[in-house]
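Me: Hi! Could you walk me through this protein?

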Amino acid sequence: MEEPDWSFFRESLLKWYRADRRPMPWKAIDNPYHIWLSEIILQQTRVAQGLPYFERFVAAFPTVNELAAAEDDVVMKLWEGLGYYSRARNLLKAARMVAFEFGGEFPDTYAGLLKLPGVGPYTAAAIASFAFDRQVAVLDGNVFRILSRYTNDSTPIDTGKGKKHYQMLVDDALGDTSAKRFNQAIMDFGALVCTPKKALCESCPMAARCAAYRVATVYERPLKEKKLKRRNRHFHYLVISDDKERTIIEQRLDKDIWQNLYQFPLLETNSSDVETSSLATHQDWPEFLPAGELTFVKRSRPFKQQLTHQTIMATFHQFQWKAMPKKVSAAQVVKNKLLVNFAFPRLINKFFADKSLLLDLF
Ligand code: SF4
């Protein structure tokens with residue numbers, strides 16, 4: 001393999017960045033709180049989707065101390081719709097660590113930032129360079145893709161060895177140039193030019209020295225060793241309401257997807273093709289629900305949500321419980337019009353949005 005020309009890479013990248021950079025509200029600032037918040041929000045979210053959330057969080061909690069003092073449910077509600085809820089839980093843990101253990105000051109080194117919950121090597125490098133001008137190169141999906149293409153490197157990116165290898169490449173690519181500018185430039189370049197499916201090679205300033213472009217392997221880079229294995233899960237939600245417009249919900253407390261969000265009582269089966277009448281004999285049927293007192297009303301169509309490692313298929317089974325008590329153990333009886341105050345997974349919000357299925361829940 002030919003030695004990559006890193007000075008050409010750097011110069012082309014920074015020249016392109018001067019002309020084409022994307023304006024972002026946090027780019028012109030060096031406030032570590034804003035930079036950290038934006039990086040956590042954008043970890044698995046597109047910029048267009050994440051931006052309004054960033055603005056809402058900054059408006060609701062102008063400082064890390066105010067975020068640290070917030071109630072968990074308020075933060076989860078503000079996060080609703082962004083997915084990957086472990087990020088929101090870690091956001092709070094990290095804010096509390098900064099506020100209560102570090103006197104409201106973010107650590108200013110890569111190693112110090114890595115100690116914050118939810119901050120991995122990529123995020124620590126981004127904050128260290130953007131907020132504190134530290135000389136560390138970021139390595140994220142964009143960077144793996146650009147480097148593996150520019151050098152036509154077939155080293156898989158999803159192994160420990162692969163990560164070390166690409167860290168060396170990005171350090172070479174960075175050289176002595178300012179990491180703050182280089183990191184922003186390379187991420188924008190990955191988002192706008194060297195994109196996963198429609199790379200703009202024809203107009204790319206690096207095309208002349210790009211090895212994958214030369215040998216037409218652009219879309220075969222980067223390589224991954226492990227193929228993603230997805231698990232199918234089948235959820236059956238019991239939507240139990242009474243004629244006083246109240247419904248039963250519960251909080252997901254187990255270590256599983258959507259931890260701390262709310263839902264209707266849930267039964268999980270091996271298939272979606274299950275009769276509603278057979279659910280009462282399911283081993284997890286809630287003890288507080290007397291099956292004989294429930295009147296079946298409606299069964300929804302299946303709803304689907306694709307997560308990174310799981311495909312969730314959900315069916316909503318609606319029942320009336322005339323003599324529903326004011327309180328039930330391990331769950332909450334909530335006025336329908338107050339359901340909007342609870343944070344639900346996107347799948348349940350889709351059910352709420354499909355008015356044709358609802359039994360006047362709102
Ligand atoms: S030529 Fe194409 S593959 Fe190579 S760096 Fe440019 S956009 Fe990426």
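Reply: Happy to; we can talk about the domains and then a single residue, keeping in mind that this is a predicted model.

Me: Cool. Which domains does the domain assignment give?

Reply: The assignment gives domain 1, covering 6–220, and domain 2, covering 231–357. Their centres, taken over C-alpha atoms, are separated by 37 Å.

Me: And how many residues does the contact take from each domain?

Reply: Domain 1 gives eleven residues to the contact, and domain 2 gives 14.

Me: What area do domain 1 and domain 2 bury between them?

Reply: About 900 Å², with 42% of it on carbon and sulfur atoms. On the domain 1 side, K77, Y85 and R89 lose the most area to domain 2, and together they make up 48% of what that side buries.

Me: How many salt bridges are found across that interface?

Reply: The rule finds zero salt bridges there. There are, though, seven residue pairs in polar contact between domain 1 and domain 2.

Me: Which helix gives the largest share of the domain 1 side?

Reply: That's helix α5, residues 72–79, with three residues. By class, the domain 1 side that touches domain 2 has four nonpolar, three polar and four charged residues.

Me: New topic: N142. Where does it lie?

Reply: N142 lies in helix α9, which spans residues 141–150.

Me: Is N142 buried or exposed, and why?

Reply: N142 counts as buried because its relative accessible area is 17%, and the cut-off for buried is under 20%.

Me: What does N142 touch?

Reply: Leaving out residues up to four places away in sequence, N142 touches I186, M187, G190 and A191. The side chains of N142 and R145 are also joined by a polar contact of 2.7 Å.

Notes:
Residues are numbered from 1 along each chain as its sequence is written. This is a predicted model: local features need pLDDT of at least 70, side-chain atom pairs count only at pLDDT 80 or more; totals for chains, interfaces and linings use all residues. Side-chain values use heavy atoms; hydrogens and water are left out. Domain bounds come from an automatic or database domain assignment. Contact means heavy atoms within 4.5 Å. Buried area is the accessible area (1.4 Å probe) that two parts lose on being put together, summed over both. A salt bridge is a side-chain nitrogen of Lys or Arg within 4 Å of a carboxyl oxygen of Asp or Glu. A polar contact is a pair of N or O atoms within 3.5 Å; within protein, one must be able to donate a hydrogen and the other to accept it, and residues adjacent in sequence count only if both atoms are side-chain atoms. Helices (H or I, at least four residues) and strands (E, at least two) are DSSP runs, numbered from the N terminus. Ala, Val, Leu, Ile, Met, Phe, Trp, Tyr, Cys and Pro count as nonpolar, Asp, Glu, Lys and Arg as charged, and the others, Gly among them, as polar. Buried means under 20% relative accessible area, exposed over 50%, partly exposed in between (1.4 Å probe, protein chains only).
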